[in-house]
Amino acid sequence: MRKIRWGILSTAKIGLDLVIPAIQRSQRGRVTAIASRERARAAAAADALGIEKAYGSYAELFADPDIDAIYNPLPNNLHVDLTLQAAAAGKPVLCEKPIAMNAADAERLRGLQGKVPVMEAFMVRFHPQWQWVRDQLRSGTLGELRAVQCFFSYNNTDPANIRNKPETGGGAMLDIGCYPTVMSRFLFEAEPQRVFALIERDPAFGTDRLATCVLDFGAGRRCDFTIATQLTGYQRLHAVGTKARMEIEIPFNAPPGGETRVFIDTGAKPGDGLRQTHTIAACDQYAEQCDAFARAVLGEAELPYGIEDAIQMMRILDALFRSGDSGTWETPGG
């Protein structure tokens, strides 16, 4: 089975802790190089993770003829610039979410279409639990899906943490609000027609730390979610239809080595007395994502999600920010 050779852009925590180990466990890829602006940091990461090459600049990584694809986990404000540089060197790019700071930033990637594969890294779309849920929706298990409801939070008040720096794309909306947004699009298989948001910002950081949002998909279909960066950690998603409801226990941070559960209930009795449990076997959603991207790089399959999908994602997030400022419904556009 053919494998692609990955180069990792930076020693970002998500890459070191989650994505590099996932690639090394994947069927279709292996990590052969890592780059940092400080060669010593790259070398230390390479030694720790068994990577053969370490580079002291991103340009060196892009110039390596033995690298088939780049993983870009840099801060949000650098996603587009470094993706463009990698693509100019002929390297396909899996870029961490969100792909840009805003839609105008993401639009700069449009010229890459048809040249090299570029995909926004929403690993959740590749987890079997989400595939199973959408199959159930398509088969009519829930009847007509009308409402998606989600809560997603963590507590981080470290002023040095990148999630609390607005200039690099910190804040709840770009960090975690994108998850219920992208997965409601995934479940409804449609785009929101208008959005509304109530947003509170941290007085010291200037980042959005608490937001409650509504996405109106038309025809009586909507998603509402609350996200927070300074509340106790919690995540849960409900999908409610005309016949039954589903509850995804760990919708976004599914443990790489653990099973996940989806609950189904017809609502015939209050509480969970009639709730049924469907268990999904353990998998690594990051490895699943990297294998899907590798198949596209190898020409074995179509790219599952491309640049237009990523631009649309940013239009929706932009509209939510506009609504937070205007206090009115906003249209994503596009």
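In this predicted model, strands S11 and S12 pair in the antiparallel sense, joined over 4 bridges. One such link is easy to find: Ala 239 has Met 246 of S12 as its bridge partner. In general, the strands of a sheet pair through backbone hydrogen bonds, in either a parallel or an antiparallel way.

The two strands belong to an open sheet of 8 strands, ordered S8-S9-S10-S7-S11-S12-S13-S14, with mixed pairing. At its edges lie S8 (194–201) and S14, each pairing on one side only. On average, neighbouring strands of this sheet are turned by 15° against each other, direction ignored. Helix H7 packs on the sheet and touches S7, S8, S9, S10 and S11, its direction making about 160° with that of S10. Helix H9 (residues 307–326) also packs on the sheet, where it touches S8, S9 and S10, at about 60° to the direction of S8.

Helix H6 is a good place to check helix geometry. Its 12 residues (128–139), at 1.5 Å a residue, should span 16 Å, and because the end C-alpha atoms are 16 Å apart, the expectation agrees with the model. Buried residues of H6 include Trp 130, Trp 132 and Leu 137, and what covers the buried residues of this helix includes H7, S11 and S12. After H6 comes Gly 140, with a positive phi near 90°.

Trp 130 also leads into the protein's interior. The largest nonpolar core has 104 residues, and Trp 130 is among those with the most contacts inside it, as are Tyr 179 and Phe 252. H7 gives this core its largest share, 11 residues. Among the residues that Trp 130 touches are Met 183, Leu 187, Leu 237, Ile 248 and Phe 252.

Technical notes:
Residues are numbered from 1 along each chain as its sequence is written. This is a predicted model: local features need pLDDT of at least 70, side-chain atom pairs count only at pLDDT 80 or more; totals for chains, interfaces and linings use all residues. Side-chain values use heavy atoms; hydrogens and water are left out. The expected span of a helix is 1.5 Å times one less than its number of residues. Buried means under 20% relative accessible area, exposed over 50%, partly exposed in between (1.4 Å probe, protein chains only). Contact means heavy atoms within 4.5 Å. A nonpolar core is a set of buried Ala, Val, Leu, Ile, Met, Phe, Trp, Tyr and Cys residues joined through side-chain atoms within 4.5 Å. Two strands pair if DSSP finds at least two bridges between them. Axes are lines fitted to C-alpha atoms, for helices over the stretch in contact, and angles run from 0 to 180 degrees between N-to-C directions. Lists of a residue's contacts leave out its neighbours within four places in sequence.
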